[in-house]
Amino acid sequence: MDGHRRLLSFAPSVPLRPCETGYCQPPPCGAWLPWLSDRKKRALQKKDVDVRRRIELIQDFEMPTVCTTIKVSKDGQYILATGTYKPRVRCYDTYQLSLKFERCLDSEVVTFETLSDDYSKIVFLHNDRYIEFHSQSGFYYKTRIPKFGRDFSYHYPSCDLYFVGASSEVYRLNLEQGRYLNPLQTDAAENNVCDINSVHGLFATGTVEGRVECWDPRVRSRVGLLDCALSSVTADSEVNSLPTISALKFNGALTMAVGTSTGQVLLYDLRSDKPLLVKDHQYGLPIKSVHFQDSLDLILSADSRIIKMWNKNSGKIFTSLEPEHDINDVCLYPNSGMLLTANETPKMGIYYIPVLGPAPRWCSFLDNLTEELEENPESTVYDDYKFVTKKDLENLGLTHLIGSPFLRAYMHGFFMDIRLYHKVKLMVNPFAYEEYRKDKIRQKIEETRAQRVQLKKLPKVNKELALKLIEEEEEKQKSTWKKKAKSLPNILTDDRFKVMFENPDFQVDEESEEFRLLNPLVSKISEKRKKKLRLLEQQEHPDKEEEEEPEGRPSDAESSESSDDEKGWVEEVRKQRRLLQQEERAKRQERLREDQQTVLRPQFYEIKAGEEFRSFSDSATKQKLMNKTLEDRLKLEAKNGTLNVSDTTVGSKQLTFTLKRSEQQKKQQEAEKMHRQERKALRRPAGHLKSRRKRGRPFP
């Protein structure tokens, strides 16, 4: 991180601490520790000169328990913050660097807005549906809205306050007439946030369905609708629930940023319904606030865990801040590089990033301090405390102290008393100094050994292959032919083939069929390579060759030797193939012998209750039928006559199914049919006689 992106953090009774991107460095010697009480801090100020020189930017810049919202007046002179407990609002005068006034309220504040340039006109929205107006002297008026409110905006041209909340209606309160106007009816069940564009006065509200509705206050009609929930889902994001709108902010006439409850920030151009950019915080937490930084084209988006600053054109991260406690609200001091945060802690955070802009006029000395910090970086050493990680605690056997007063959690480890650390270290390893002395002696010996000739150690895997490569490399180095040839990379020193000599899975299996058939070829190639190297050496030294020719073999013997080698290689391959065939034949006979000795035992199958066993072929047919698709089964049923498809008069389809009957049911049905025929045959003669008697005909 360069000097221009250094960040300064201030808080009441907290020293000026340089830190990198959201990860604060430890303070200097004898500096502030995060768990010290106010009494210990005052006692430390009497003893330590550095503590007395510490900067307290704004006096009593804190709340009794929690700070919920924080804002800066339009003239930049006053900082207003609300918190609990009890519910109250505090106003700080930046020109005096102290608290100006404090007012207690009846209920907690959801949000507030300053209507004037200073603190003389303030509107508070409470969590019990009340709207409270304050003037310069104090409480002025209180009214109530029909539903619980969640956010509001002020429209300066018409003096209207727009309230959104747990209702589909947007309530309008006109401050000039002093009465409510007809509300705006939205299509949403509830509305979470709202904002008004300061350039053309467009009113936008974010709904729980993940949509943004834009209204024109002049005609009181909706002019646009954006489906942000659908646009926030990308290929890389994982969304488990419906994204709702949790933050909304305009910038200029055409730009709007929308934050969702699933941690995405969408950047829109009002002329398009597709987002220009979708930025994911990767935490899955609702976006609390969104701010624009125009000088560097940055967007500051914050959830409860982190504040991210990123470029609005490319989405590239500029820097990020991760406070120790959860974030409730973020305020960017206008025209400066200062950030104010409301956290889930009594302390309200102040951060200064010089690259974002200059320091405010009331603390212009910060610019000089940052330059001095860059020129004279201070050491980060603790005198009385030792920083240890969890792994260090496991080595010392002190994991049972986690959560006790002996260990203080900080960043990725713990602080413990340096005296306790030295005492435990001595008990765990009383011979630490002797080991340290032996390590130093061993390092000195290894440094002296490095000047000697190093023996090459063979790897644990593929030793023969490594030895072969080493011999080939040595032969190349010995030969003068290497100077003319191009230098090729060595497999042993190449990281791409490092695993081949380390992982046992890459061990060459010399008993495999492929290796036994190719081994003669590989050995032959290596011999040819050696002969070629010797031949090239002889060509470069013809004098030696002429002198040594009579004593050695004639040159014609070389060709005869090569032909003999080829014949020998062919014979070796044939021999290996015959051996492989014999081994395969022996394995086949062994398997046949095992099969003959195996005693076949009958297999029993369990039939489920309610099923009738007919044959194995019937079960196979039933299994094949179950594996077919629904379409194929329907076609087969229609072919067998158990399914009938017909068209109705209204154009729909009608399916008629005939249930299959078992063999027993079929026999019973046939017996019933035969019985009905017999009874019908017996009743027919009696009926025939009665009909002839009625007609007056004689009997035959």
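**View 1. Arginine 88, a buried residue with 13% relative accessible area, sits in a salt-bridge network with Arg90 and Glu102.** This is a predicted model, so local features need pLDDT of at least 70 and side-chain atom pairs count only at pLDDT 80 or more, while totals for chains, interfaces and linings use all residues. Residues are numbered from 1 along each chain as its sequence is written, and side-chain values use heavy atoms, with hydrogens and water left out. Here, buried means under 20% relative accessible area, exposed means over 50%, and partly exposed is in between (1.4 Å probe, protein chains only). A salt bridge is a Lys or Arg side-chain nitrogen within 4 Å of an Asp or Glu carboxyl oxygen. Glutamate 102 and arginine 88 meet in one of these, at 2.3 Å from N to O. Glutamate 102 belongs to strand β6 (residues 98-104) and arginine 88 to strand β5, so their pairing ties together parts that are 14 residues apart in sequence. Glutamate 102 is partly exposed, at 33%. Helices (H or I, at least four residues) and strands (E, at least two) are DSSP runs, numbered from the N terminus.

**View 2. Lysine 347 reaches glutamate 62 in a salt bridge, with the closest N and O atoms 3.2 Å apart.** The lysine lies in the loop between β28 (338-343) and β29 (349-352) and the glutamate in the loop between α2 and β3, so the pair ties together parts that are 285 residues apart in sequence. Both ends are partly exposed: lysine 347 at 26% and glutamate 62 at 25%. How many salt bridges does the model hold by this rule? The count comes to twelve.

**View 3. Helix α12 (residues 556-597) carries lysine 587, part of a positive surface patch with Arg585, Arg588 and Arg591.** A patch of this kind joins like charges within 9 Å, using residues with over 30% relative accessible area and no salt bridge. Lysine 587 is partly exposed, at 49%. Glutamate 584 also lies in helix α12, but it goes with a negative patch that includes Glu464, Asp509 and Glu510. Glutamate 584 comes out partly exposed at 36%. Farther along, arginine 593 and glutamate 590 form a salt bridge (2.6 Å, N to O); being three residues apart in helix α12, they are separated by about one helical turn.

**View 4. Two cis peptide bonds involve tyrosine 85: the one from threonine 84, with omega near -15°, and the one to lysine 86, with omega near 15°.** Tyrosine 85 is placed in the loop between β4 and β5 (88-93), and so is lysine 86. Most residues other than glycine have a negative phi, and most peptide bonds are trans.

**View 5. Aspartate 60 and glutamine 282 take positive phi values, near 55° for the aspartate and about 70° for the glutamine.** Aspartate 60 lies in the loop between α2 (49-52) and β3 and is partly exposed at 39%. Glutamine 282 lies in the loop between β22 (277-280) and β23 (289-293) and is exposed at 61%.

**View 6. Serine 73 is buried at 1% relative accessibility, in the loop between β3 (66-72) and β4 (78-84).** What separates its C-alpha from that of tyrosine 333, 260 residues apart along the chain? The gap is 9.4 Å. As for cysteines, Cys194 is buried at 5% and Cys363 at 0%. With a disulfide taken as a pair of cysteine sulfur atoms within 2.5 Å, the count comes to zero.

Note on methods:
Patch = residues over 30% accessible without salt bridge, like charges linked within 9 Å, V, L, I, M, F, W, Y side chains within 5 Å. Areas by Shrake-Rupley, 256 points an atom, 1.4 Å probe, with all protein chains shown as cover. Lys, Arg positive; Asp, Glu negative; His and termini not counted. Charge placed at Lys NZ, Arg CZ, Asp CG, Glu CD.
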